[in-house]
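Here's a quick walk through this model, going from the whole chain down to a few side chains. Have a look at the structure before reading on.

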Amino acid sequence: MARIQKYVPPAPGSKPRRVRDLDSQISSTLFDDFDRFEHFFSSHWKAFCWGGATLVVLSAIWGGLVLWQRHNYNEAAEQLNSARNQEQLIAAIAEFSPSDIVANDARMRLANLLFRAGNYNDAIAQLDAVIATDCPAEQKMQIRLNRAYLLEGSGRLADAAAAFAEVADTPAPPVRELVSESACNAGRLYREIGNADMARKYLKSAAGNFDLNAVITGQSYPFWSRLAFFMLNEMDHPSTAPAPAPKPEAKPAAKAPAAPAPAKRK
């Protein structure tokens, strides 16, 4: 016959037996883990030391490289700011990567110097380098427009017309005012090279809702819209275009009066 154990309630403030057994198991497990860790550390302490020393050395080398690169970058930036002529600007720009936008100001100044010197192709190349960087969309659109003007100045009218048209067709243009200017110049150049269909397309786009009667009554329109309207009107009604003023005939220069003959002695 099985003996029935009498239930003895735990003493006040003491934990139940099951809780005490669980705490004992946890304590034993913790002590075992500490023993294992202590044994592992005592067996591999040299590896820990070497690993820590390696991390310190690598961190020092990385920090030194960062400081060295920053120092060189600051020196190159100072060289950019102090550059004044073409040779100095070219040397300063060479210190930066092609995608670095910090050198864009120097590229623009160099393009301006090359343009003034009549070197259009190299000036266009500098603008292309700026466009290739991650510069703001507003600046990029203006530079593309300037590039089209340089193409026209170099005599490449067909390329210039296409460049103006590309700017005019910019999707969601960041600067709306440049759209009508680009379209008007594209139409002007297409008209000049004999492409009447493309000329009308872009001149109509630039003219927009221009109304000559509204202008007469005092309403104002942007300059490029007015210019495009009048160029389009000349294309559609060539007989109404004013005749060119006659050139003055070249006249021979008047001869200087002859010097009086010296008086003869008597």
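Start with the surface: the protein chain exposes about 19,700 Å², and carbon and sulfur atoms supply 59% of that area. Keep in mind that this is a predicted model. As for what's tucked away, buried residues account for 24% of the 266 residues in the chain.

The secondary structure is quick to describe. There are 10 helices and 0 strands, so reading from the N terminus simply gives α-α-α-α-α-α-α-α-α-α, as the DSSP runs define the elements. What share of the contacts between residues at least 6 apart in sequence join residues at least 24 apart? In this protein chain, 45% of them do.

**A serine in H7**

Now zoom in on helix H7, which covers residues 177–192 and includes Ser 180. Is Ser 180 buried or exposed? Its relative accessibility is 17%, and because the cut-off for buried is under 20%, Ser 180 counts as buried.

Who keeps Ser 180 company? Once you set aside the neighbours within four places in sequence, Ser 180 is in contact with Ala 206 and Trp 224. Closer along the chain, a polar atom of the Ser 180 side chain lies 3.4 Å from the backbone oxygen of Glu 177. That falls inside the 3.5 Å limit for a polar contact between N or O atoms.

**Aromatic pairs**

How many aromatic pairs turn up in a search of the whole structure? The search finds 5. Two of them are set out here, with their ring geometry.

| Pair | Centre to centre | Angle between planes | Arrangement |
|---|---|---|---|
| Phe 115 and Tyr 120 | 5.8 Å | 70° | edge-to-face |
| Phe 229 and Phe 230 | 5.5 Å | 75° | edge-to-face |

Why is the Phe 229 and Phe 230 pair called edge-to-face? The planes of the two rings sit at 75°, and over 60 degrees counts as edge-to-face. The Phe 115 and Tyr 120 rings, with 70° between their planes, are edge-to-face too.

What about the accessibility of these side chains? In the pair formed by Phe 115 and Tyr 120, Phe 115 has a relative accessible area of 38%, so it is partly exposed. Tyr 120 comes in at 24% relative accessibility and also counts as partly exposed.

Turning to the other pair, Phe 229 is partly exposed with a relative accessible area of 21%. Its partner Phe 230 has 40% and is partly exposed as well.

Methods. Residues numbered from 1 in each chain as written. Predicted model: local features only at pLDDT ≥ 70, side-chain atom pairs only at ≥ 80, totals over all residues. Heavy atoms only, no water. Helix = DSSP H or I, 4+ residues; strand = E, 2+ residues; numbered from the N terminus. Buried < 20%, exposed > 50% of the residue type's maximum accessible area, 1.4 Å probe, protein only. Contact = heavy atoms within 4.5 Å. Areas by Shrake-Rupley, 256 points an atom, 1.4 Å probe, with all protein chains shown as cover. Polar contact = N/O pair within 3.5 Å; in protein donor to acceptor, adjacent residues only side chain to side chain. Phe/Tyr/Trp six-rings, centres within 6.5 Å; stacked < 30°, edge-to-face > 60°.
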